[in-house]
Every structure is written in structure tokens, then in C-alpha cells.
Amino acid sequence: YGVGDTASNFFFHTFNILLLGYYTDVFGLAASAVGTMFLVTKLFDAVTDPIMGMIADRTKTRMGKFRPYILWFAVPFGIIGYAMFANPDLSDFGKLVYAYFTYSLMMLVYTAINVPYSSLLGVISADSEERTTVSTYRFVCAFGAQFLISAFVLPLRDLLGGGDEGRGYEITMALFAVASVVLWFTTFLTTRERVEPPPDQKLDLANDIGVVIRNGA
């Protein structure tokens with residue numbers, strides 16, 4: 001289960017520490033345009049995250065509620081994550097459109113795979129101590145990915161790019177994209193959903209929204 005968060009952080013932590021610099025210094029976008037894009041996308045996330053939770057909670061397949069989304073979105077996660085750093089030769093306006101499209105799409109795919117992935121923890125075991133242990137492994141794996149990104153992305157960029165930062169980012173993130181897809185598939189194949197909801201449980205959209213609104217946190 002834990003390596004799913006390794007896969008996630010191969011891109012998420014890259015976004016946290018390197019994406020702004022990549023967009024401005026390598027891709028050539030204005031910092032103000034990038035900041036606006038980040039804001040718009042986060043506002044969109046505020047809507048899509050709870051919607052994805054509602055969708056996943058109502059999913060019924062032979063693979064479970066949450067695991068199917070890891071299978072379905074693993075490859076799109078890797079492809080779109082790579083595409084963000086593909087550095088195409090476009091006009092200034094074309095680059096801005098490309099950044100908006102790929103970043104927004106990546107955040108949507110990130111939501112589609114990470115909300116079910118996080119929810120999967122609750123149905124792996126009915127034992128709260130086991131779930132705590134699994135959660136510990138998850139965050140060890142997440143911090144491991146953050147260390148790898150912090151330590152190796154820039155050296156790999158310089159080594160593989162041969163002085164061309166754009167090319168270096170493209171090749172480096174292609175490697176991380178492949179690794180993330182493999183790790184997502186590993187999570188899908190090696191986890192099981194063991195906790196079933198009560199058969200008489202009823203899901204109501206209006207009630208779900210009401211719970212969110214009443215939740216102070």
C-alpha cells in the first residue's frame with residue numbers, strides 16, 4: 001500500500017519544489033501567469049475532491065470501491081505527468097495554454113487516483129492498529145519519494161540534459177513517470193478491500209454535502 005504514495009510524490013513533491021521554477025525559468029512563462037494558474041486550479045480542486053469522494057464511495061465492482069481507480073488512472077497519471085515537462089516549442093500564448101491544459105488535467109487525474117487511494121486505507125483492515133501501521137508505512141514511502149526528488153531530480157536533469165535544462169527535465173520526469181506507473185500497479189495488485197459497508201447503508205448526496213458543510217475542519 002505504501003508505495004502508492006511514493007508514486008504520488010514523484011510528481012506532487014516535484015510540483016511543490018520545482019514546478020514554479022520550471023515554468024518561469026525553463027518554459028518561459030511569466031511568474032504572475034503561473035501564480036494565477038495555480039490559484040485557479042486549487043479553486044477547482046476544492047470542488048473536484050469531494051465529488052471524487054462521492055463517486056468512489058458509490059462505486060461497486062468485483063475489484064472493490066477504491067482499487068479500480070488506481071488501475072484505471074495509473075497510466076494517465078504517468079503520461080500527463082510527463083507531458084507537463086515535455087517542453088514543446090510553442091508561442092508564448094501556446095505555452096500558457098499548454099501549461100493550463102496539462103497542469104489542470106494532471107490535478108484532475110491526481111484527484112481521481114489519490115482520493116480513492118487515501119480512502120483505500122479505511123477498508124484494508126477492520127483493525128485500527130493495523131490501519132495505523134499501514135499508514136506509517138505509507139508516510140515512510142511518501143517521505144522516501146520526497147527525498148529522492150529533492151536529492152536527484154536536479155543532478156539527473158543536468159546529467160541527462162547535457163546542458164539543456166528543458167531536455168533534462170523531460171528525460172528525468174519520463175523516468176519518474178514510468179516508476180510511478182509501476183508503483184501504482186504494485187499497489188493495485190498487492191492490496192485488498194476487506195471491510196464491506198453494511199448492506200442496509202444508504203448513500204444520499206444531499207446528506208453528504210450537508211456533512212461537509214457542517215464539518216468545521
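**Entry 1: a pair in α2**

I began with D45, which forms a salt bridge with K42; their closest N and O atoms are 3.9 Å apart. This is a predicted model, so I keep in mind that side-chain atom pairs count only at pLDDT 80 or more. I found both D45 and K42 in helix α2, 3 residues apart, which is about one turn of the helix. Buried or exposed, I wondered about D45? D45 has a relative accessible area of 10%, so I noted it as buried. K42 has a relative accessible area of 42%, so I put it down as partly exposed.

While in α2, which spans residues 31–57, I also looked up V40. V40 is partly exposed because its relative accessible area is 42%. I then checked V40 against M84, 44 residues away along the chain, and their C-alpha atoms are separated by 17 Å.

**Entry 2: other salt bridges**

How many salt bridges are there? I get a count of 5. A reminder to myself: side chains of opposite charge can pair when their charged atoms come close.

One of them joins the side chains of D5 and R138, at 2.9 Å from N to O. This pair links distant parts of the chain, as D5 sits in helix α1 and R138 in helix α5, 133 residues apart. I checked the burial of the partners too, and both D5 and R138 are buried.

Next I looked at R157, which forms a salt bridge with E165; here the closest N and O atoms lie 3.9 Å apart. Salt bridges with shared partners join R157, D158 and E165 into one network. R157 counts as buried because its relative accessibility is 12%, and the cut-off for buried is under 20%. E165 has a relative accessible area of 35%, so I wrote it down as partly exposed.

**Entry 3: helix α5**

R138 and R157 made me curious about α5, where both are among the buried residues. The helix covers residues 128–161, which makes 34 residues. From its first C-alpha to its last it reaches 47 Å, close to the 50 Å expected at 1.5 Å a residue.

Where does α5 bend? I found a bend of about 40° at F152, and a proline, P155, follows within four residues.

Then I looked at both ends of the helix. At the N-terminal end, D127 acts as a cap: one of its side-chain oxygens lies 2.8 Å from the backbone nitrogen of E129. Just after α5, G162 takes a positive phi of about 60°.

I listed the buried residues of α5 as well; besides the two arginines, they include S135, A142, A145, I149, V153 and G161. What covers them? The cover includes α1 (3–26), α4 (92–124) and α6 (165–190).

**Entry 4: T14 in α1**

Since α1 is part of that cover, I picked one residue there and looked more closely. T14 is found in helix α1. T14 is buried because its relative accessibility is 0%. Which residues does T14 touch, leaving out those up to four places away in sequence? My list has N9, L19, F85, I149 and M173. I149 was already in my notes, as one of the buried residues of α5.

**Entry 5: a look back**

Two links between helices stay with me. D5 in α1 and R138 in α5 form a pair across distant parts of the chain, and T14 touches I149.

Conventions. Residues are numbered from 1 along each chain as its sequence is written. This is a predicted model: local features need pLDDT of at least 70, side-chain atom pairs count only at pLDDT 80 or more; totals for chains, interfaces and linings use all residues. Side-chain values use heavy atoms; hydrogens and water are left out. The expected span of a helix is 1.5 Å times one less than its number of residues. The bend at a residue is the angle between axes fitted to the seven residues ending there and the seven starting there. Buried means under 20% relative accessible area, exposed over 50%, partly exposed in between (1.4 Å probe, protein chains only). Contact means heavy atoms within 4.5 Å. A polar contact is a pair of N or O atoms within 3.5 Å; within protein, one must be able to donate a hydrogen and the other to accept it, and residues adjacent in sequence count only if both atoms are side-chain atoms. A salt bridge is a side-chain nitrogen of Lys or Arg within 4 Å of a carboxyl oxygen of Asp or Glu.
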